Amino acid sequence: MPAAEPWPQNAVLYQPLKEEQILLSDNAACLAVQAFLQMCNLPVQVVCRANAEYMSPSGKVPFIHVGNQVVSELGPIVQFVKAKGHSLSDGLDEVQKAEMKAYMELVNNMLLTAELYLQWCDDATVQEITHPRYGSPYPWPLNRILAYQKQCEVQRKMKAIGWGNKSLDQVLEEVDQCCEALSQRLGTQLYFFNKKPTELDALVFGHLFTILTTQLISDELSVKVKGYSNLTAFCRRIEQHYFEVKMA
């Protein structure tokens, strides 16, 4: 692994507007990257922009601007940071690294997909939360047009992966199964791989903490997470260690 390069003090992370715009899945993704950078002890300034999604090279948030480079999403950001000599998973053997990647795939395939389903396929959530928030920075009729375009895009994806005809109860069951698998893997450990966090811990924290702290039209999603006391304790532990201390 290369020697660690100096991390610039002016590194910036861009995400949508926090209070009035950002949606559950994007908030989870942004928090996961913030947690990862905190765990690496790499400072970053969080900047909220209404058009962050359109500024991103991949069309997804968050993205970071470091020096003259722009990188979006957790996976590429982890690789970018590793190339600069900073890694959370270097201490793992090959079997553990494969296991870590498998659990990250599980989170992305189940938790992230469930979040997208809820915010774009559940009619009540779409009307009461998703459309108003997603279109909030833009004037009428652009706000409605952009929201409907995004909804069609996500619904096409849901159909392509076999989630298009799932009921909300079936989606919640997927979330419960994912949480059960994560809970069993974590057990009584501080982190998923013993005493030090990896990018898996950052990803799981981003999604679970966001689910636990985001007000939706019902609490059915957060109730699934709250059913696993070691996962809620895990979220609280990371919040206290990496966020409250930094803000003190």
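Let me start with Arg185, which, leaving aside residues up to four places away in sequence, touches Glu99, Tyr103, Phe192 and Phe193. Please keep in mind throughout that what we have here is a predicted model. Arg185 is part of helix H7, which covers residues 168-186, and its side chain reaches the backbone oxygen of Phe192 at 3.0 Å. Is Arg185 buried or exposed? Its relative accessibility is 18%, and because buried means under 20%, Arg185 counts as buried.

From there I would like to move to the strands, and to one pair in particular. Strand E3, residues 63-66, and strand E4, residues 69-72, run antiparallel and are joined by four bridges. Within this pair, Val66 stands opposite Gln69 in E4. The two strands form a hairpin with two residues between them, and in that turn Gly67 has a positive phi of about 60°.

A positive phi also turns up in residues that are not glycine, and I will take two of them in order. Asn41, in the loop between helix H1 (24-39) and strand E2 (45-48), has a phi near 60°. Asn41 counts as exposed, because its relative accessibility is 56% and the cut-off for exposed is over 50%. Glu73, which sits in the loop between E4 and helix H3 (74-83), has a positive phi of about 75°. With a relative accessible area of 26%, Glu73 is partly exposed, so you can place it between the two limits of 20% and 50%.

Next, the peptide bonds, where I would point you to two prolines. The bond from Val61 to Pro62 is cis, with omega near 0°, and Pro62 belongs to the loop between H2 and E3. The bond from Trp140 to Pro141 is also cis, with omega near 5°, and Pro141 is placed in the loop between helix H5 (123-134) and helix H6 (142-160).

Now let us turn to empty space. Rolling a probe the size of a water molecule over the atoms shows where such space is left. What is the volume of the largest pocket? The answer is about 1000 Å³. Its lining is made up of 40 residues, and the closest to the centre of the pocket are Glu73, Leu74, Gly75, Asn108 and Leu112, so here we meet Glu73 again, the residue with the positive phi. Which helix gives the largest share of this lining? That is H4, with 10 residues, while H1, H3, H4 (94-121), H6 and helix H8 (199-213) each supply at least two. Sorted by class, the lining of the pocket has 18 nonpolar, 10 polar and 12 charged residues.

Finally, there is the enclosed space, and here the count comes to one cavity of 30 Å³ or more. The largest cavity holds about 100 Å³ of space. It is lined by 13 residues, and those nearest its centre are Pro16, Gln21, Asp26, Glu53 and Tyr134. Helix H2, residues 52-55, gives the most to this lining, with three residues. As for the character of the lining of the largest cavity, its residues divide into nine nonpolar, two polar and two charged.

Definitions and conventions: Residues numbered from 1 in each chain as written. Predicted model: local features only at pLDDT ≥ 70, side-chain atom pairs only at ≥ 80, totals over all residues. Heavy atoms only, no water. Buried < 20%, exposed > 50% of the residue type's maximum accessible area, 1.4 Å probe, protein only. Polar contact = N/O pair within 3.5 Å; in protein donor to acceptor, adjacent residues only side chain to side chain. Contact = heavy atoms within 4.5 Å. 1 Å grid on protein atoms, 1.4 Å probe; cavity = no way out; pocket = protein on both sides within 12 Å on 5 of 7 lines; lining within 4 Å. Points joined across faces, edges and corners; volume = space filled by probe spheres on them. Nonpolar A, V, L, I, M, F, W, Y, C, P; charged D, E, K, R; others polar. Pairing = 2+ DSSP bridges.
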